[in-house]
Structure formats: C-alpha cells, structure tokens
Amino acid sequence: MRRHAALALTVLLVIALGFAAPLGAQEQPKAGGVLKVATIGEPPTLDLHTTTAVIVQQITWHVYEGLYTYDKSYNAVPLLVDSHAVSDGGRTCTFKLRRGVKFHNGKELTASDVVASLKRWGRLATPGKQLWKNVEGLEAKDPHTVAMYLKEPSGALLMGLARPNNGAVIYPKEIVDAAGDNPVTEFIGTGPYRFVEHKPDRHVRLARFKDYVARTDAADGFGGKRTAYADEILFIPVPDVAVRLAGVETGEYHVGLQIQQDQYDRVKTMPGVVAAIIKPEGWSTAVLNHKQGLMTDKRVRQAFQAALDMEPIMAAGFGNKAFYRLDPGLSFPEQPQWHSRAAAELYNQKSPAKAKKLLQEAGYNGQPVRWITTKEYQWMYKNALVAKQQLEAVGFKVDLQVVDWATLVQRRNKPEVWDVFSTGITFNPEPAFSTGPACNWPGWWCHADKEQWMDAIARESDARKRRAMWDRVQTIFYEDVGRVKFGDFFGLTAVRHEVHGFRATNELNLWNVWLR
Amino acid sequence: MKTYVVRRLLALLPVALVVATVAFVLMHLAPGDPASVIAGPDASRDDVQRIEKQLGLDAPMPVQLVRWYGRLVRGDLGQSIFLRKPVTDAILDRVEPTLLLTLFAIAISVAIGVPAGVIAARYHDTTTDQVLMVIALLGVSIPNFLLGLLFILFFSVWLGWFPVAGYSPLEYGWLKTLRSLVLPAFALGLVQSALIARIARSSMLDILREQYITAGRAKGLAERAVIYKHALKNAMIPTVTIIGISFAILISGAVVVETVFNIPGLGRLIISAVLRRDYPVIQGVVLCIAGLYMLINLAVDLSYLVFDPRVKYQ
Amino acid sequence: MSVIALPRPDAARPAARPRWLVLLTRRKTTMVGAGLMVLMLALGVLAPVIAGNPGHMDVAGRLAAPGRAHWFGTDDVGRDVWSRVVYGARLSLLVGVAVVVLSFVVGVACGTVAGYYRRLDNLVMRVMDGLMAFPAIVLAIALMAALGPSVINVIVAIAVVYSPRVARVVRGSVLVIRETAYVEAARALGASDLTLLARHVLPNCLSPVIVQGSFVFAAAVLTEAALSFLGVGVPPYIPSWGVILAEGRLYIQQAPWLVLYPGLAIMLTIFGLNLFGDGLRDLLDPKIRGLATERQRAA
C-alpha cells in the first residue's frame with residue numbers, strides 16, 4: 001500500500017502532533033467525556049482480592065484503593081495512609097489513615113474497614129497469603145489507626161501493600177463481612193471512579209466519584225493527587241486484537257490494550273494514534289505441573305528446558321524485535337538492583353541431544369504432554385506452537401489444548417488435568433511477591449531450599465543481602481526447572497492522540513488522564 | 001381452514017418434543033457427568049452433589065427427561081455457569097442486536113434480491129439473465145464471514161466509513177445502532193439476496209409459463225404490463241414467504257457474522273458459551289433459536305393460506 | 001415443503017448413460033463446475049507431492065509476501081500459506097466426502113425405512129423433522145460443544161445435521177416408487193422386501209440423491225470452514241481454510257494474502273460445487289427445479 005507524498009506528510013505531521021502533545025502537556029487538563037478502553041476480554045470477577053488477572057486489576061483499581069501505591073520509580077508511597085511508624089525493632093507497624101476519605105456508598109473510611117479488608121486479602125490473595133505468613137496480628141487502635149504486628153521485621157511489607165495486582169485494596173467492612181471468602185457482590189471502594197454496571201461481553205462502566213477525596217501532594221507515578229477528568233470510563237471487552245486496533249484507528253476506542261507487537265510499524269504510521277511501548281511488561285513462560293503427572297520427574301523438566309530454542313519462540317510470539325529480549329533473569333534489566341544472570345547457561349540451551357538423553361534416562365515413552373494455552377493472548381498460543389515443534393523434534397508428544405483464558409485460569413487450578421500451561425509473569429517491582437518462583441500458585445513449584453530463600457528475602461531489609469538471596473533463587477529456578485522462561489516481552493498499547501496524560505505502564509491508570 | 005391451522009399446530013408438538021429431547025441428549029453427550037460440567041472445574045465434590053440433586057441428575061434417565069420437559073414448559077432454562085444468572089435473562093440481554101441485525105439483513109436481501117430475480121426472469125436466457133445468475137451463484141458461494149472480513153478491510157479500515165466492529169445499543173440512539181449494523185447486515189444480506197434472486201427468478205419463470213399469462217399476451221397486452229402487473233403480483237406470493245424463511249436462515253447466519261464484527265448478540269453468546277463450556281447457555285440458545293425457526297416455518301406455511309387463493313388444504 | 005420427485009424412467013437404465021454424459025458435458029457452466037471440482041480434488045489428493053509440510057514453522061521468514069519461495073506468502077509464524085491452503089483442500093475434501101458418505105448411509109437407511117415401512121414412517125420422520133428444526137450451523141455448534149474439537153467430531157456433527165435432509169429426499173422418492181406398477185408387479189411375483197428395495201426401489205431414487213449429494217458436499221465444506229473460523233471446529237493447529245482465515249484476519253491489513261487465498265479457495269470450491277450441482281439437477285431431476293432446491297440449499 002503506497003501512500004502519496006502529501007498524504008505521508010500529513011500523516012507524519014499528525015504523528016508528530018500526537019507525540020508532541022502528551023510530551024509537551026502544555027494544555028490545561030480538561031474534565032469531561034467518556035474514555036473508552038478496549039480490553040482483551042471479560043474480567044472473570046471484579047473482586048480484586050481473589051484474582052491475579054491483570055484485566056481485573058486494570059479495571060478495578062480505579063474503583064478500589066489500598067494503603068500504599070507506587071511512585072514513578074516503583075517505590076511504595078502512601079495512598080490511604082497518612083503516615084506510618086515502625087516500632088518494637090521493626091515488628092510493629094502503625095498506620096495513620098487519612099481522615100475524611102469516603103467510600104462510594106457515602107460511608108467514611110475507618111480502621112475497621114482496613115482491618116477487615118486486609119485480613120480477607122491475607123486469606124485469599126496470592127501476595128496476601130505470602131505476606132500474611134509473617135503477620136501475627138492486625139488491629140484497629142482507634143477509628144483512624146491500624147497496627148500490624150509482624151513475626152519478624154519485613155523489608156517488603158510496604159511494597160506488598162502497594163502492589164496493585166491482586167492488591168490489598170480496602171472494601172467497606174460490611175461488604176467484606178457479607179461476602180466472607182465468596183466473591184463480593186457489591187463493588188465499592190474509595191477510588192476516583194465508582195462502579196456503575198457490568199454488562200458481560202458489553203462493558204464495565206465506571207463514573208467519576210463526585211465526593212472523591214484526593215491526596216494533596218503532587219502526582220508522582222501512581223501516587224499523589226488523583227483526579228478523575230473523564231466523566232466515565234468504559235472498559236469494553238474486544239477479544240479480537242485486530243478489532244481492538246482498528247477500533248482505535250477509527251476512533252471507536254481511545255485506548256486499545258494488548259495490541260500485537262508486530263503491528264508496531266503500522267501503528268506508528270496511523271494518523272491520530274500513538275504507539276505506547278510498555279517496557280517491561282513481563283516474561284513469557286511455560287508453567288510446569290510439579291504436583292502431578294509427567295512433569296514431576298525432574299529429568300523430564302530438564303529435557304523440556306534443554307530442547308528449546310528461545311529465539312524463534314519469542315519471534316513468533318512477539319514479531320518485532322523491539323518487543324522481546326532473550327534474558328535469563330527472573331527480574332528485568334530495567335531493575336538493576338535485582339537483575340541477575342545466575343545460572344544463565346541453563347537458559348536457551350538449544351540442545352536437542354541433551355534433551356533426548358534426559359528423556360531416555362527418564363524412561364519417557366510418549367505419554368502426551370497436556371499443554372493448555374489460549375488464543376486470547378496470541379503470543380501464548382504461538383510460543384506454545386513453536387515450542388511444540390521443537391519439543392516434538394526431541395521425542396516429546398505434545399497435546400496442545402487451546403481454550404479461552406477464563407477456562408485456562410479455572411483449569412490450571414486442577415493439577416490432574418494438565419502438565420503445562422502458558423502464561424506471562426508480569427513485571428513486579430518486588431521479587432518477594434513475584435509469581436515467578438511462587439509455590440502456592442498453579443504449578444505448585446515448592447522446593448525446600450527455594451522456599452527458605454524466598455522467606456528470607458521477605459524478611460530481610462538489607463538490600464545487598466536480599467539481592468544475593470534472589471541470585472540463589474534464580475539458580476534453583478534453573479537447576480530444578482521451576483518453570484521454563486521463554487523471554488522478556490514488552491507490550492504495545494495504542495492510544496488516540498486526544499488522550500492526554502497517558503503513561504505507558506502495565507498497570508494502566510486512567511485518573512489524571514483527560515480527553516482533548 | 002381452521003382445522004388445517006389446528007392440525008399444523010398439533011403437528012408441531014412432536015417436533016418440539018424431539019427438539020427438546022435433542023437438546024437434552026446434547027447435554028448428556030458432553031464428556032464427564034453434566035453436574036461437574038455445570039459446577040465448573042473449581043467446584044468441590046459437595047458443589048457437584050448439590051447440583052446433581054438440584055437438577056435431579058441422581059434420578060433415572062426417563063424421569064430426568066420428563067422433568068426436563070416440565071421445566072421447559074415453565075420456561076425455565078436453568079442457570080448460566082459463567083454469567084451467574086438465569087439463561088433466559090442472558091438470552092433476553094442478547095436478543096436485541098441479533099434481531100435488529102437479522103431484520104436489517106432481510107431488508108437488504110429483499111431490496112436487492114427481488115428486483116434482480118425479476119429482471120433475470122424478464123430477460124430469461126439472455127446475457128443479462130446469465131450474468132445476474134452467475135453473480136448470484138457467486139454470492140451463494142461466499143461464506144458470510146469471509147464477506148464480512150473483506151468489508152472490514154475495505155469500508156472500515158481503508159475508507160473509514162463505518163465502525164470497524166462493535167455494536168451501539170438502541171439506548172444510545174437508533175442512528176448509531178443503524179450505523180454499527182450496516183456492514184454486518186450487508187455481509188449477511190448480500191449472500192441471502194443472491195439466494196432470493198434465484199428463488200424470485202424461478203418462481204417468476206414458473207408463473208410466466210402459466211396459462212393466464214399466455215392468455216394475456218395473446219390478448220395483446222404489452223409485455224411490461226404482463227410482467228409487472230400480472231406476473232409479478234403472483235410471483236410475490238412465494239417471494240413474500242421467502243422473507244419468512246430468510247428470517248430463519250439469517251438468524252443462524254447472524255450467529256457467525258456477529259463473531260466477525262464483535263456484536264454482542266445470541267451468536268457471541270453461544271460461541272463464548274461453547275468456549276467456556278457453559279452448557280446451560282448453549283442448550284438455551286439452541287432451543288431458543290430452534291423454537292423461533294419452527295414458529296417462522298409454521299407462519300410461512302400458514303401464510304400460503306392468506307396469500308394464495310389457489311392453495312387449498314384439507 | 002416435502003420434495004416429491006419422479007425420476008425420468010430412463011434415468012437409471014444403463015443404455016442411457018452415454019447420453020447422460022453427453023448432456024452433462026454440453027453445458028458450459030457445468031463443465032466449469034466440474035473443472036473446479038477436479039482442481040480441488042487434485043490439490044487435495046496430490047497435497048503431499050505439491051506442497052510442503054503445512055505445519056513447519058520458519059519463524060525468521062514470517063509474514064513474507066507471495067513470491068517465488070512461497071507462492072502464497074507465509075503466515076505469522078512463518079508457515080507456507082500455499083501448503084496450508086493445499087492441505088486445507090485436503091481437509092475440506094475429507095470432510096466433504098466423509099460427511100456425504102456418512103449422511104447418505106444414515107439418510108438413505110432412514111429415508112428408505114420411513115418410505116417403505118409405513119408404520120415406522122411417523123417415528124423416523126418426526127425425529128428427522130426435529131433435527132431439521134435446528135438451523136444447521138447452530139446445531140453443528142451445539143454438537144461440537146458436546147463432542148469437543150477434532151476432525152472426526154466435525155464430520156460427525158455435520159453429518160448429523162445433514163442426514164435428515166437426505167432422508168427426506170429419499171423418503172419422498174421411495175413413497176412414489178413403491179406405488180408404481182413395476183414394484184407392484186415385482187411384489188406380486190413374490191420378491192422379498194429386501195430384493196424389492198435393492199433391485200427396484202433404491203436404484204430408482206438414485207438421481208435425486210446424487211443431486212442432493214453435491215449440495216451436501218458444498219454445505220459440509222462451508223460448515224466446516226465456518227465452525228473452524230469460529231474456533232469450535234477442528235483444533236487450530238490443523239490446517240483448515242476456516243482456521244487459516246481466523247488466524248489471518250488478525251493480519252488482514254499487513255498480510256491480506258492470509259485471508260485472500262484461503263478465501264478464494266473456499267469461494268471457488270463452493271462455486272464449482274454449486275455450478276456442478278445445478279447442472280446435475282437440471283439433468284437428472286428437472287422436476288425439482290426452483291423453490292424446492294433453493295429452500296433445501298438454504299436450510
């Protein structure tokens with residue numbers, strides 16, 4: 001498709017404008033409008049305590065807030081908390097809550113809401129359970145003070161509370177009490193947007209919360225002052241990525257999430273559309289079942305790991321080289337304080353001979369490897385497809401089961417139905433809470449040494465010691481083949497140029513964002 | 001005539017019974033026992049047993065079947081696993097786009113198909129006829145989803161005339177709704193118009209062979225008058241009934257096209273239900289569409305009574 | 001809306017065969033249709049010779065435009081689109097033939113039983129009517145939901161959908177033929193039911209069944225493509241035209257060949273089958289012109 005010079009010039013100008021506007025940000029923010037976000041599919045639930053699904057976090061953290069959040073450089077900063085104090089040698093943490101913060105039902109936020117919510121989070125959420133191992137008690141000292149008693153001092157507590165994914169958000173106590181461990185049925189928080197309706201397969205509608213009490217400190221990352229400029233936000237499930245992108249191109253949607261990375265060159269030339277690269281987004285992986293079946297044999301896992309050539313796997317999944325990177329680290333090079341090359345020689349081995357030998361030793365005789373993947377995330381399917389070709393070349397028999405994401409998430413909880421499933425481990429600033437090496441997560445990779453190191457990281461507050469422990473974990477990850485990492489990937493989000501103040505982050509915050 | 005209508009209605013009963021039975025059997029064909037399928041993979045043993053009892057799956061098969069009929073008569077289609085609401089509600093939520101899309105597509109297919117068919121018959125065995133009929137046959141040969149894809153490419157992406165996909169519900173204004181349905185309705189309607197053109201042509205040809213037409217010609221009536229006054233009027237009878245049949249056909253066509261255009265109708269409902277293994281929803285949508293289909297076919301057959309005085313039923 | 005068709009008395013007589021062929025070849029459109037069918041048949045049968053491994057991925061050469069190395073370009077994981085389209089033809093052929101055979105075995109059996117043994121007629125035909133009360137694609141989707149994705153299940157599902165349509169046609173013919181003088185005569189001479197059916201009844205309802213065959217074939221190919229396109233047909237790693245289209249649509253702007261070639265393949269195949277089917281119908285079964293066939297095709 002050749003374009004005329006004049007047209008090309010116009011296009012370039014528009015792009016230039018598109019890029020310049022958010023950077024310049026000279027314009028005064030403007031309230032109003034309906035911000036339409038094309039998401040990858042239906043949220044399985046709107047109860048953030050119960051799921052690590054990114055889509056749920058992206059939608060609901062406009063509604064719910066936690067005690068802490070991240071600033072620009074991913075340090076924990078207070079959100080619902082005014083200040084906190086540590087005493088008893090680091091074993092007691094006292095949080096002073098901000099006063100006058102209102103829930104969407106008009107009730108004022110008090111310590112009892114925090115206690116009830118955090119306890120539920122500690123019971124149900126993946127990062128919550130992990131953090132709660134170190135929590136002895138939690139109590140409301142007065143309506144605006146909460147005390148947390150720890151078994152041992154923690155270097156990761158505030159980061160854990162700040163984590164948005166499956167995050168420690170605060171619901172009103174009554175709602176927590178009514179729901180117990182079942183999913184909550186009323187979606188009420190303290191956020192700048194309130195939940196209006198969820199019409200399955202149509203949209204989730206949020207509207208500005210008029211009585212929102214914002215922080216007064218300047219916006220910094222996700223912290224500081226939050227303003228709801230758009231009147232409403234519509235999260236529209238558009239499972240088809242081509243439709244998402246074309247919808248942004250035609251102006252149907254303002255933001256198209258999870259655009260295929262190999263559309264980058266095209267998105268760059270689209271008039272009125274800005275290509276936002278989300279770097280890093282996560283690492284792509286095959287999760288192996290350590291609880292039941294074929295993959296409980298370490299030699300089979302090692303054969304799996306040895307057989308793979310990551311370059312074509314990642315290229316098929318992500319297309320443009322600007323969007324993937326072959327790297328052994330469980331943390332990203334963007335986090336120099338954590339990134340490690342420990343056991344790098346076991347990553348990307350491309351050694352069919354070694355794999356064949358290991359398979360032989362394991363006495364593998366062609367039992368099918370049941371691999372669950374999904375086309376909802378195209379790259380997961382394609383990673384799996386190419387990996388299947390490579391695995392079958394060394395003698396594995398792979399039974400690829402392609403299901404929708406919701407089904408995958410449900411099925412992965414049943415150890416008897418799968419051997420491998422596809423997923424991405426999203427960027428997590430705090431290794432102690434990363435699902436990468438987690439034990440109480442599908443795959444159930446529980447390894448005595450690793451658990452010890454992970455617990456130590458959670459307790460330790462000395463940065464250098466924590467880093468050394470993380471290296472140990474990574475080494476075990478490769479030696480025991482906890483999961484099989486394919487590589488790092490970056491995300492692509494297409495944004496209309498009339499959207500201002502948009503930050504290219506995995507978490508997706510739409511407060512402080514306005515429509516021209 | 002009344003007895004005929006009554007008899008037709010009665011004749012529908014066994015068919016409806018078979019339809020209900022087929023839907024029942026479908027559920028039991030599914031791998032694994034239906035209760036654990038309904039309960040979902042996360043369910044505990046207790047949940048499964050509770051559902052087994054609730055649905056009466058512990059009873060012998062014939063008892064279950066009779067109960068199933070009973071529930072259907074009461075309009076109870078059960079509970080969706082994934083959407084966590086009654087299947088009837090889920091269906092009612094999705095009926096609007098599918099019905100509108102179908103009606104729109106019928107309008108298009110008739111507006112194009114009938115004139116094309118009449119012209120082809122008028123110029124029977126000429127180049128015009130042959131060209132029209134080859135085009136129509138080509139039209140019958142394009143799957144509607146392929147046509148839909150090509151439309152998206154040309155009209156939405158390259159020309160930007162229409163939204164690329166999605167559906168704007170009536171509550172946001174009918175004009176927006178119409179706009180969001182133009183491409184899918186054409187993708188659906190054009191294929192159907194090819195079919196209608198072929199039908200209109202053959203029924204027109206049948207009538208042109210009738211004696212009264214020959215008589216008219218012999219009387220010295222102008223060919224135009226013969227075609228448009230006498231023949232067309234009579235050819236309309238089968239053509240009008242075709243609209244009814246088209247409605248039935250297009251509803252099932254919509255199931256496919258909705259996926260191409262991301263329209264949240266019955267089609268998307270059943271496809272996502274299949275992918276999520278939400279069996280009650282699959283069952284419900286299938287029954288609902290089959291019911292509609294049956295009623296429309298009945299209405300079409302009965303419409304002969306009204307339109308065609310020559311048709312007599314004993 | 002039942003179809004009653006009297007075959008022409010000479011249709012089944014061997015002596016008429018040459019004329020049959022002459023007539024068939026006289027119409028140009030029928031020949032074009034036959035040509036397209038032969039082409040598809042050749043592609044499908046010769047697939048291992050004329051195409052490479054359709055599943056082989058050369059990721060480095062992904063999304064290559066049509067050229068000398070890849071006539072039809074490559075897809076998003078570097079598979080050769082030509083090979084995939086050719087193997088898609090093989091799958092379509094397989095599904096088409098298998099569905100025709102399966103639905104004919106079931107349909108002819110049910111139709112004959114219903115038409116010949118009047119006591120069973122009501123029961124058999126009510127079941128058939130019940131199955132036909134479902135729109136084809138909807139019933140196929142529901143069956144696939146119950147059976148799970150695989151090639152065999154796709155064949156079974158589509159055959160279940162189309163058997164009643166075959167049964168109906170067969171029953172209509174049998175009903176007429178069993179009352180004819182020569183069947184009466186044979187019966188009077190003491191021929192058994194089986195002999196009667198095999199020697200006299202079935203051969204005489206052959207022509208409407210053959211005509212029906214080309215339509216069932218076309219419908220099977222289309223339905224398979226639609227099911228696979230929707231993601232409820234064959235598993236996605238099996239090259240099917242529907243699967244190629246579903247995957248190609250994501251790249252419709254960058255790599256239109258991913259939609260164009262499989263789309264063209266479907267169109268030409270169905271077009272050829274329709275042309276041929278129309279020719280066959282006009283030749284073998286002139287009485288069921290018009291409305292009746294169109295409605296059959298539509299349903």
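# A tour of chains A, B and C

Select strand β17 of chain A, residues 483-496: this strand is mostly covered, and 14 of its 14 residues are buried. The model on your screen is a predicted one.

**Stop 1: the partners of β17(A)**

Keep β17(A) selected and add strand β12 of chain A, residues 273-288. These two strands run antiparallel and are joined by 12 bridges. To see one point along the pair, label A:G282, which stands opposite A:F489 in β17(A).

Next add strand β13 of chain A, residues 324-325. Two bridges join β13 of chain A to β17(A), and the pair runs antiparallel. Which residue of β17(A) does A:Y324 stand opposite? Label A:F489 to find out, since that is the residue of β17(A) that A:Y324 stands opposite. A:F489 is also the residue in β17(A) opposite A:G282.

Then add strand β11 of chain A, residues 255-256. Here too the strands run antiparallel, with two bridges between β11 of chain A and β17(A). In this pairing, A:G256 stands opposite A:A494 in β17(A).

**Stop 2: chain B**

Hide the strands and show chain B as a cartoon. How many helices and strands does chain B have? You should find 12 helices and zero strands. Follow the chain from the N terminus, and each element you pass is an α element.

Colour chain B by burial if your viewer can do that. Chain B has 314 residues, and 48% of them count as buried. Now turn to contacts within chain B between residues at least 6 apart in sequence. Of these contacts, 71% join residues at least 24 apart.

**Stop 3: where chain B touches chain A**

Show chains A and B together. The contact takes 19 residues from chain A and 18 residues from chain B. On the chain B side, select helices α7 (144-158) and α11 (266-276), each of which supplies at least two residues. Which element gives the largest share of this side? That is α11(B), with four residues. Colour the chain B side by residue class, and it divides into eight nonpolar, six polar and four charged residues.

**Stop 4: two crossing helices in chain C**

Move to chain C and select helix α4 (residues 118-132) and helix α6 (residues 151-178). The axes of these helices come within 9 Å and cross at roughly 135 degrees. Because of that angle, α4(C) counts as oblique to α6(C). The crossing of the two helices is left-handed.

Show side chains where the helices meet. From α4(C), pick C:M125, C:M128, C:L131 and C:M132; these meet C:P164, C:R165, C:A167, C:R168 and C:R171 in α6(C). Sorted by class, this contact has six nonpolar residues, three charged residues and no polar ones.

**Stop 5: one residue of α6(C)**

Stay in chain C and select C:N153, which lies in helix α6. Is C:N153 buried, exposed or partly exposed? C:N153 has 17 other C-beta atoms within 10 Å, so this residue is partly exposed. A buried residue would need 20 or more such atoms, and an exposed one would have 12 or fewer.

Now show what surrounds C:N153. Leaving aside residues up to four places away in sequence, C:N153 touches C:M144, C:L147 and C:G148. For the last selection, draw a distance from the C-alpha of C:N153 to the C-alpha of C:G233. The two are 8.4 Å apart in space and 80 residues apart in sequence.

Note on methods: Residues are numbered from 1 along each chain as its sequence is written. Chains are lettered from A and ligands numbered from 1 in the order in which they are written. This is a predicted model: local features need pLDDT of at least 70, side-chain atom pairs count only at pLDDT 80 or more; totals for chains, interfaces and linings use all residues. Axes are lines fitted to C-alpha atoms, for helices over the stretch in contact, and angles run from 0 to 180 degrees between N-to-C directions. Angles under 35 degrees count as roughly parallel, over 145 as roughly antiparallel, 65 to 115 as roughly perpendicular and the rest as oblique. A crossing is left-handed if the near helix is turned anticlockwise from the far one by less than a right angle, and right-handed if clockwise. Two residues are in contact if their C-beta atoms, placed from the backbone, lie within 7 Å. Ala, Val, Leu, Ile, Met, Phe, Trp, Tyr, Cys and Pro count as nonpolar, Asp, Glu, Lys and Arg as charged, and the others, Gly among them, as polar. Two strands pair if DSSP finds at least two bridges between them.
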